[in-house]
Amino acid sequence: MSFSGLLQLGFSTVIFLLAATAAKQWGLAPSLGKILLTLALYSLGNLVMLRLIREFGMSVSFSLSAVIQLVSVNVVALVFFGERVNALQATGIVLAIAAVALITLGPYLQGRL
């Protein structure tokens, strides 16, 4: 993945984090403005993802985005919103990260082993 692609992936991650935060704020105190902001941010994030899909393919783009968002959204939920997960949920999160990492890195590692 090129440096430009990494920047786009980082940009989409920031947008999706802002969208998730706006969605959480809407969940806490619903309003039309918050839902419109949430929808606009998710739409913008998906437009960036479309560019990444064209450049790097669907499997790589969505897999990388999924693992980065999984980690980032959980960090935001735990650190900034004080949410808690139990041991079983934490195990599921770790397994999900491992699964997406294996899916993403598998083709590259398989050729090197």
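**Entry 1. Order of elements**

I read the elements of the chain from the N terminus and noted the order α-α-α-α. The model I am working from is predicted. My tally for the chain is four helices and zero strands.

**Entry 2. The chain as a whole**

I looked up the extent of the chain along its principal axes and found that the C-alpha atoms fill a box of roughly 50 × 35 × 20 Å. I then turned to burial: of the 113 residues in the chain, 24% are buried. For the accessible surface I noted a total of about 7400 Å², with 74% of that area belonging to carbon and sulfur atoms. I also examined the contacts with a separation of 6 or more, and recorded that 67% of them join residues 24 or more positions apart.

**Entry 3. Helices α2 and α3**

I next took up helix α2, residues 32-56, and helix α3, residues 58-79. Their axes come within 7 Å and cross at roughly 135°. Angles over 145 degrees would count as roughly antiparallel and 65 to 115 as roughly perpendicular, and α2 and α3 are therefore oblique to each other.

Which residues of α2 meet α3? I listed Met49, Leu52, Ile53 and Phe56 on the α2 side. On the α3 side I listed Met58, Val60, Ser61, Phe62 and Ser65. I sorted the residues of this contact by character and obtained seven nonpolar, two polar and no charged.

**Entry 4. Thr38**

I moved to Thr38, which is found in helix α2. Is Thr38 buried or exposed? Its relative accessibility is 5%, and buried means under 20%, so I entered Thr38 as buried. Leaving out residues up to four places away in sequence, I found that Thr38 touches Ala19, Ala22 and Ala23. I also checked the side chain of Thr38 for polar partners: one of its polar atoms lies 2.8 Å from the backbone oxygen of Lys34.

**Entry 5. Lys34**

The polar partner led me to Lys34, which also lies in helix α2. I recorded a relative accessible area of 27% for Lys34, so this residue is partly exposed. With residues up to four places away in sequence again set aside, Lys34 touches Gln25, Trp26 and Ala29. Finally, I looked up the separation of Lys34 from Val14, which is 20 residues apart from Lys34 along the chain. The C-alpha atoms of these two residues are separated by 17 Å.

Methods: Residues numbered from 1 in each chain as written. Predicted model: local features only at pLDDT ≥ 70, side-chain atom pairs only at ≥ 80, totals over all residues. Heavy atoms only, no water. Helix = DSSP H or I, 4+ residues; strand = E, 2+ residues; numbered from the N terminus. Buried < 20%, exposed > 50% of the residue type's maximum accessible area, 1.4 Å probe, protein only. Contact = heavy atoms within 4.5 Å. Areas by Shrake-Rupley, 256 points an atom, 1.4 Å probe, with all protein chains shown as cover. Axes fitted to C-alpha atoms, helices over the stretch in contact; angles between N-to-C directions. Parallel < 35°, antiparallel > 145°, perpendicular 65-115°, else oblique. Nonpolar A, V, L, I, M, F, W, Y, C, P; charged D, E, K, R; others polar. Polar contact = N/O pair within 3.5 Å; in protein donor to acceptor, adjacent residues only side chain to side chain.
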